[in-house]
Amino acid sequence: MFNNNTYKYSNFICFDAELTNSNFTQKSTPWEMALQQLKKAADLLNLEEDIREILSHPQREVQVSLPVRMDNGKIKVFIGYRVQHNNARGPYKGGIRYHPNVSLDEVRALAMWMTWKTAVLDLPLGGAKGGIVCDPKTLSQGEIERLTRRYAYAISGIIGPYEDVPAPDVYTGPQHMAWIMDTYSILKGHLEPGVITGKPVEVGGSLGRNDSTSRGVAIVVAEAARKLNINIKGATVAIQGFGNVGSNAAIIMAKEYGMKVVAVSDSKGGIYNKNGLNVDKVLAEKEKSGTVTTYKDAEKITNDELLTLDVDVLVPAALEQVITKDNAEKIKAKIIGEGANGPTTPEADEILYQKGTMVIPDILANSGGVTVSYFEWVQNLERLQWPLEQVNKMLEQKMVKAFNDVYEASKKYKTDMRTAALTVAVSRVSQAIKLRGIWP
Ligand code: NAD
């Protein structure tokens, strides 16, 4: 159960960030950027005008007004959205975000972005996104529950296990998903766990979802190392951010892949030990003191210094836009696995590509979460619960295949991995649209 007072606003970082992986300027709105991204991939693919036209329009956009009885007895009306971009490959899929800055423009862009993300992973799903304009920090748990249930009711006609399957996003988590499932199930008259993913395990959530994003990062980094003839066992790695993604990546990389985690950081700063950090002890220290910087057996470094350490692998797993034109030239890592959304600016991307650094883009590197969401949906439809080993094994198969698809595309189109990932995605969705045809 979440505690409203412990909401972590550091998650804001994934806001616009999800779209900063486009090679375009920050000045555009998210939707403009998403369209520019699409154009870039479509140009490389020589895509027909008709398909471009279809992909440039979300299939459905819904705005709902949500009256909620506040704790003071008054009614407050919140605005919510659900944008369904494309379902040519399967039911719409995408998270629900609670934030004061949620706008239709942003939700629309994030929905298109989800279409590409599910397609890169070759999941039989489409792309959607939802959001409510609200500041969850100022709401009580009761108000959040009433708001969430009202939103679930308002969009209940357009979601469903075979229509549109939402999930958590910024400031929503397992508890919100449980409320949405419950509200939808009551309306339908039977339990329908497959209407939403990211649920608590007790009510149909999947094992392995907690660290799935980090596991996905580790898997694609190992693949990249193989391509670059770097021995993953003993390869050095620096990880920026020690939250959900960063700390789990450190544990998985050290314990399961035998990598040497030499540096980690959080918002207070970083720590470095060239002989390798004891990740269990660092985690214990973070739990005890709230920061990794009090860990004794390491020297202190800044977050900026961490990025330019002499390591084989760099995993940005905190903020957006930390790798910029100012530090890209100094980056020594041969592989960058983007755990965070949008950590690399377009200018830095170009510099790194010229230098021969392999940047595994966010749309691919951090998609382990949505992949296990897909597994959760499949388990719900089958009324099964897979053992953890099965979830992790299938995650690995999906991520390895996706990495190699994108890698091949980067060779074919002589482009960076980020652009290659988009071409793979746009091409798959376009083929589905063409094969299915337009009716009526
Ligand atoms: P989190 O809030 O659990 O952790 C964020 C970490 O970043 C914390 O350790 C925090 O101390 C650190 N941090 C904050 N400011 C920093 C700074 N200035 N310098 C260095 N570190 C700083 O968040 P998370 O869930 O681990 O997400 C991290 C990134 O990964 C975000 O970009 C998020 O959008 C992305 N992502 C997460 C998931 C997921 O499943 N959690 C999935 C896809 C993408």
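## Structural report: helices, cores, sheets and salt bridges

Helix 6, spanning residues 212-227, comprises 16 residues and extends 23 Å from its first C-alpha to its last, close to the 22 Å expected at 1.5 Å a residue. The model described here is a predicted one. Of the 16 residues of helix 6, 14 are buried, so this helix is largely enclosed by the rest of the structure. Just after helix 6, N229 adopts a positive phi of about 55 degrees.

### Nonpolar cores

In soluble globular proteins, nonpolar side chains tend to be buried together. In this model the largest nonpolar core contains 85 residues, among which W116 and I239 touch the most other members. Helix 14 makes the greatest contribution to this core, with 10 residues. The surroundings of I239 may be listed in full. Apart from neighbours within four places in sequence, I239 is in contact with G246, A249, A250, M253, V261, A263, V264, S265, L306, V315 and A317. There is also a second, separate core of 27 residues, including I158, Y171, M177 and I196.

### Strand pairing

One open sheet is built from 7 strands in the order 9-8-7-6-10-11-12, and its pairing is mixed. Strand 9 (299-301) and strand 12 (358-360) stand at the edges; each has a single partner strand, so one side of each is left without a neighbour in the sheet. From one strand to the next, the twist averages 20 degrees. The partnership of strand 11 (residues 335-337) with strand 12 is parallel and involves 3 bridges. Within this part of the sheet, G337 has I360 of strand 12 as its bridge partner.

Strand 2 takes part in two further pairings. Strand 1 (residues 60-69) and strand 2 (residues 75-86) run antiparallel and are joined by 10 bridges. V62 stands opposite R82 of strand 2. These two strands form a hairpin with 5 residues between them, and G73 in the turn has a positive phi of about 95 degrees. Strand 2 also pairs with strand 4 (residues 127-133), in the antiparallel sense and over 6 bridges. Here N86 is placed opposite G127 of strand 4.

### Salt bridges

Side chains of opposite charge can pair when their charged atoms come close. The structure holds 26 salt bridges. Three of these pairs are set out below.

| Salt bridge | Closest N and O atoms |
|---|---|
| D43 and K39 | 2.7 Å |
| E145 and R149 | 2.9 Å |
| R418 and D349 | 2.6 Å |

D43 and K39 both belong to helix 1 (residues 30-45), where they are 4 residues apart, about one turn of the helix. An α-helix has 3.6 residues a turn, so residues three or four places apart point the same way. D43 is partly exposed, with a relative accessible area of 36%. K39 is likewise partly exposed, at 48%.

E145 and R149 lie in helix 4 (residues 141-154), again 4 residues apart, about one turn of the helix. E145 has a relative accessible area of 25% and is partly exposed, and R149, at 24%, also counts as partly exposed.

The salt bridge between R418 and D349 has its closest N and O atoms 2.6 Å apart. R418 lies in helix 14 (residues 417-436) and D349 in helix 10 (residues 346-355), so the pair ties together parts that are 69 residues apart in sequence. R418 is buried, with a relative accessible area of 4%. D349, at 8% relative accessibility, counts as buried. Elsewhere, salt bridges that share partners join R97, E106, K129 and D169 into one network.

### A buried position in helix 4

Helix 4 also contains T148. At 0% relative accessibility, T148 counts as buried, because buried means under 20% relative accessible area. Neighbours within four places in sequence aside, T148 is in contact with Y98, H176, W179 and I180. Helix 4 therefore holds both the buried T148 and the partly exposed pair E145 and R149.

Definitions and conventions
Residues numbered from 1 in each chain as written. Predicted model: local features only at pLDDT ≥ 70, side-chain atom pairs only at ≥ 80, totals over all residues. Heavy atoms only, no water. Salt bridge = Lys/Arg side-chain N within 4 Å of Asp/Glu carboxyl O. Buried < 20%, exposed > 50% of the residue type's maximum accessible area, 1.4 Å probe, protein only. Expected span 1.5 Å × (residues − 1). Core = buried A, V, L, I, M, F, W, Y, C linked by side-chain atoms within 4.5 Å. Contact = heavy atoms within 4.5 Å. Pairing = 2+ DSSP bridges. Axes fitted to C-alpha atoms, helices over the stretch in contact; angles between N-to-C directions.
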